[in-house]
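Got your viewer ready? Load the model, switch to a cartoon view, and follow along stop by stop.

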Amino acid sequence: MTVIVTVGGFVVSVILGLLFAGARTGRNPVLRWLAYAYVEVFRAVPVLTQLFIIYFGLGAIGIKLNPIPAAIIGFGINGGANLTEVFRAGIEAVGRGQAEAAHALGLSRTWTMIHVIMPQAFRVSLPSLVNFSIGLLKDTSLASAVAAPEVSFNAHMLVDRTFLSTQIYLLVAVLYLTISFPLAVFGRRLERRLTAGRSR
Amino acid sequence: MISMSLIESWLPELGVGALRTVEMASLAYLLAAVAGLLIALAEGSGLRWLYLVCRTYIEFIRGTPTLTQLFLIYFGLTSLNVVIPGFQAAVIALGLHYAAYMAETYRSGIAAISSGQSEAAAALGLHRLNVMRLVVLPQAIRIILPPMTNFAISLLKDTSVASLIAAPELMMNATDITSEYYMPMPVYLITGAIYFLMAFPLSLLAGHFERRSGNRLRRDLV
């Protein structure tokens, strides 16, 4: 369940992040402002508060979501704000001359974005993206507060039954470590390979 | 139905919660800043075993959720007959959590100061501790200011997790009001707005620091 919430939240975050990063770096001032407001609001409010608004808040006004979809939406919207900034930094890291050159060769703005800017921006954003996925994996532990049955929630149930809190929470910590540590190592290796490619 | 007077009756309790949140975040930040610096210095001290202890600590903290660490300290220690009140447990857990992240930031800040500087200072006869205190750290602080401000923002938001061990802070009070009136939507929306009012100025400050250090870098390049 932890994996489902993490993967679901990640996919929603990436989609929202790409859309809003496009809006944030685009030419339309309304969209640009909208993206700015989205990033600032959702980065300034705790993800727990956002989860409670989506799960308990919407539930009380008649929109009842199951805990798992609620958690995926909550983490997705919250993560989207973080990834908007990550992708924006990636897009801005690609030199402006590239877009101008593509334009001079007759590529439309959309094609320039897809074929020229995005592939390079993706490289720049990749390390942050890996870090984000590790953060997300750990944050899903908060879904236990809205009773989505992931690792932490199950651990809580076990503790209630057995009272072996130290052992069980240590075990939970080890469980998270076994998933997030390889991710961190993977991220570092990826980073090294990409920077090596650039220096060559 | 929701009315202005109803919201007004919630505000005192939410206000008290917000103050406790600020208190918790400040104490945890202080603990993290000091402990993080000690870890960074111990890691770079050149002692092999100390380095390994620090690395293990950092990897463990960074690889596990804040919530799990909070539960370990609060429920875990209780079962070993060490009873800590929720507020203090949250300060310790969050402080130790951020100490690991800050240690990494200090380390990169120290590494960014070229080794020629500390060699020069050592050649001038400064003691190793004084080299750190007088030459390296003052310059490193400039570099780490933006990430350190960002830590303050994340820490402020992460205090909300303390409500899950019933430590008194903003999110806890919001949940209390919710269970009394059963109006989660307005209560949590107002709570979110309060968090925003606290975190947004910090976010502007972080942006300011980032721009300033960026400008400095650009000026240095010219």
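Before selecting anything, a word on elements: helices (H or I, at least four residues) and strands (E, at least two) are DSSP runs, numbered from the N terminus. With that in hand, select A:Pro119, which sits in helix 6 of chain A. A:Pro119 is exposed because it has 10 C-beta neighbours inside 10 Å; a residue counts as exposed with 12 or fewer other C-beta atoms within 10 Å of its own, as buried with 20 or more, and as partly exposed in between, the C-beta atoms being placed from the backbone. Now add A:Gly57 and draw a C-alpha to C-alpha distance: the two are 62 residues apart in sequence and 40 Å apart in space.

A quick note on what you are looking at. This is a predicted model, in which local features need pLDDT of at least 70 and side-chain atom pairs count only at pLDDT 80 or more, while totals for chains, interfaces and linings use all residues. Residues are numbered from 1 along each chain as its sequence is written, and chains are lettered from A and ligands numbered from 1 in the order in which they are written. The model's scores are ipTM 0.78 and pTM 0.79.

Next, show chain A on its own. Chain A has eight helices and zero strands, and 40% of its 200 residues count as buried. Swap to chain B, where you will again find eight helices and zero strands. Of the 222 residues in chain B, 38% are buried. Along its principal axes, the C-alpha trace of chain B spans about 75 × 50 × 25 Å.

Bring both chains back and look at where they meet. Here 33 residues of chain A are in contact with 32 residues of chain B, contact meaning that the C-beta atoms, placed from the backbone, lie within 7 Å. On chain A's side, helices 2, 3, 6, 7 and 8 each supply at least two residues. Which helix gives the largest share of that side? Select helix 8 (165–199) of chain A: eleven residues come from there. By class, chain A's side has 22 nonpolar, seven polar and four charged residues; Ala, Val, Leu, Ile, Met, Phe, Trp, Tyr, Cys and Pro count as nonpolar, Asp, Glu, Lys and Arg as charged, and the others, Gly among them, as polar.

Now for the inside. The largest nonpolar core (buried Ala, Val, Leu, Ile, Met, Phe, Trp, Tyr and Cys residues joined through C-beta atoms within 7 Å) has 100 residues, and A:Leu51 and B:Ala28 are among those with the most contacts inside it. Helix 4 of chain B gives the most to this core, with twelve residues. Click on B:Ala28: leaving aside neighbours within four places in sequence, its contacts are B:Val91, B:Leu94, B:Gly95, B:Tyr98 and B:Leu155.

Stay with helix 4 of chain B, residues 86–112. Where is its kink centred? Zoom in on B:Ala100, where the helix has a kink of about 25°, a bend being the angle between axes fitted to the seven residues ending at a position and the seven starting there.

Last stop: colour chain B by pLDDT, the predictor's confidence in each residue, from 0 to 100. The chain averages 86, and 95% of the residues score at least 70. Select residues 217–222 of chain B, though, and pLDDT stays under 50, with zero contacts beyond four places in sequence. Where pLDDT is low, the predicted coordinates should not be read in detail.

Notes: Contact = placed C-beta atoms within 7 Å. Expected span 1.5 Å × (residues − 1).
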